[in-house]
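Here is a short tour of how some helices pack and how the protein meets its DNA. Please keep the model open as you read.

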Amino acid sequence: MFCPLVWLCSAGSLPSPMPPIPLPPTPCAADSTPRPAGDAVPHRSRKPITRRQRCRITTTSSSSALYAARVLIADAPTPRAFSALFKAASSSSPSPSPSPSQSLGAQLHAQAVVRGFLGDVDNTILSTAILNFYASCREPDLARRVFDRMARRSAVTWNALIKGYAQAGRRDEALALFRCMRRQDGVAPDKYTFPALLSGIGRNRSGGCVQELGAAVHAQVVKSGLDKDPFVGASLLSMYAATGALEDVKAVFDDMDTLDPVVWSSMISAYVNCKEEEAALLTFYKMLCQDITPRQFVYSSLFAICGSMSMLEMGRQVHAHSLKNITDNDAAMTNALLTMYSDCGCIDDAWRVFDSNDIVDVISYNSMILALGQHAHPKEAVELFKRMKFSGLIPDEVTLLNLLSAFNHAGLVHEGLHLFNSMLDIEGIKPSYQHYACVIDMLARSGEIEESMKTIKEMPFEAETPLWRIVLGACSKHGDIETGMKIAEMLFEKEPYEPTNYILLGNIYARLGRWTETENIRSLMEKSGIDGDDAFSWIEMGQRTHRFGVDDRAHPISEEIYRNLDRLMGSIKAAGYVPDTSFATHSTGKNRREESLRYHCEKLAFAFGDLASPSGDTLRIMKNLRVCGDCHSAYKYFSLVTGRKIVLRDNHRFHHFYKGACSCRDYW
DNA sequence: GTAGGGTTAG
């Protein structure tokens, strides 16, 4: 049986040191003779460094740090000064290509060698600073080279190297180092070690028994007496949240007995990760009751909850709350706010947040392009993409995916294919599986099923079942029974218990009026005990969420809702609505099929909203599955006869109904 | 010379 404690205490060995290698290129290669400490390289000016310049080294961007570094080296070229400079170089964010901070660090490293600062046996502090610099740049192997050359290593040295491997996603090497550290005399894991190690376990969920590893490290935390430390506790919470172990998350939190804001923030985010939105909100209220002022991180999590659940009123309240407590702008929080408004169906509010944002980054643009695509504004998405490039920001793979998705939602196949075919040459981004999946979805959805199958065969990736399901859905939409059956058979083999596969094939038969086959599939599902997801819709009204299933009569004012729906159906029929019984999935006669469409959940939700809100108000309705074609038609007429704007969010996108038309132009 | 929490796709 696996024993965490035994595992952690096992005699794992530190990977053997690598052979010595040349240090990073030095700009002073010609002057490579090490100089004793304090022997300064000749310089042009010796202006004394000011207090403000020293401060800038540790607090500001790498370009300011570089300037300050030059001044400081000229002024006080001591090992201690170099350590401070490496700290400045480490503070900027890592980048995959050689960044200014990396080149600055490499220059400093060379200077330190040239000046002989690393020849001294007692160079632990400076070497650790250099090691930490490479670790921060996601270059753990370079950090390891510095580590291997050190005569003495402190706990700080070990911690920095463990962090380097953990943050680069190299969990096993981080763990091997941790085991080695435990065996060293005079060095013991401390409150810095565990956060570094735990972040790596949470980050890398592939391979090994992640939960057992986490539990093993947790046991070591307790053994070290650090389980009450807020930094260690927050790391433990996040690690357990990443592995989905909510009970362990709660146990750690309950044991903490802390008022530390980051621990509360981690707890809220853990609930969000585990899809426990109500518990997250409750924790937020408890946090406020403890007089802890929330920071940006907390609001980001709350906006994500309100968006995912389409709780607009709650979202507005949280937004107002954040305005009272947060004075400094933060890109991530603002981006979360933008997405919250979009997810709640308020694309105009999302625009307002985007336009008023002082710090606009790649994710801001990506989020807004995504929102515009989901709300059927492909032209604006393209304009924003151009604006993004004009501003100097470089689009990434998500940008192109979101833009492709905007074309897909609008059925702009030609534009989508043009972007896809030119993305490597023009934007320098190689299409990933997701880009292929989006294009295949676009082709199939538009009726080009043969072309989509050809693309699946030709793409350099193996198609996964969700992608096949998308094409099967398109076969249902376009009545391609031959291809649909082939895909369904393959899917039944791979996923015999996935209900959607059966439902989609059943829908193909139903839409072609082949009721015998439809019933056969239905009885096969029943015999096999396979249950599909029940469709439901919901609407926020009077600070409450009202949920409706199909033919649902559970609502307290159900009778009034049904009466209103019957009245509305009469009105829209008079205006020209004709029920589309091809969307009914039962074989019973035409009248019964019409009846079965009448009380679909999205129609009930609209009838309730119409009853419960002042005439003329916009109604925002959500559905957990794709909107039914007949309901889509009915909604257009609802908007016509009631004069209301209706925003319907389904599991894929938004439909804006107004004056008898939908923003999707009947393409979805 | 070292540490924890948040945002974008499908």
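A polar contact is a pair of N or O atoms within 3.5 Å; within protein, one must be able to donate a hydrogen and the other to accept it, and residues adjacent in sequence count only if both atoms are side-chain atoms.

## Reading the model

This is a predicted model, in which local features need pLDDT of at least 70 and side-chain atom pairs count only at pLDDT 80 or more, while totals for chains, interfaces and linings use all residues. Residues are numbered from 1 along each chain as its sequence is written, chains are lettered from A and ligands numbered from 1 in the order in which they are written, and side-chain values use heavy atoms, with hydrogens and water left out.

## Around DNA strand B

Let's begin with the DNA. A phosphate oxygen of DNA strand B sits 3.4 Å from a side-chain N or O atom of Ser405. For Asn402, a polar side-chain atom is 3.1 Å from a sugar or linking oxygen of the strand. Asn159 turns to a base instead: an N or O atom of its side chain is 2.7 Å from a base oxygen of DNA strand B.

There are 46 residues around DNA strand B, and Ser154, Asp260, Asp330, Leu401 and Gln434 come nearest (near means a heavy atom within 4 Å). Of the strand's atoms within 4 Å of the protein, sugar and phosphate make up 40%. The surface near the strand has 18 nonpolar, 23 polar and five charged residues (Ala, Val, Leu, Ile, Met, Phe, Trp, Tyr, Cys and Pro count as nonpolar, Asp, Glu, Lys and Arg as charged, and the others, Gly among them, as polar).

## H22 beside H24

Helices are DSSP runs of H or I with at least four residues, numbered from the N terminus. The axes of H22 (residues 397–410) and H24 (residues 433–445) come within 10 Å and cross at roughly 5 degrees (axes are lines fitted to C-alpha atoms over the stretch in contact, with angles from 0 to 180 degrees between N-to-C directions). H22 is therefore roughly parallel to H24 (angles under 35 degrees; over 145 counts as roughly antiparallel).

In this pair, Leu401 and Ser405 are among the H22 residues that meet H24, and Gln434 is among their partners there (contact means heavy atoms within 4.5 Å). The contact has seven nonpolar, four polar and three charged residues.

## H12 with H13

The axes of H12 (residues 230–242) and H13 (residues 246–256) come within 8 Å and cross at roughly 165 degrees, so H12 is roughly antiparallel to H13. Their contact has nine nonpolar, one polar and one charged residues.

Conventions:
Helix = DSSP H or I, 4+ residues; strand = E, 2+ residues; numbered from the N terminus. Parallel < 35°, antiparallel > 145°, perpendicular 65-115°, else oblique.
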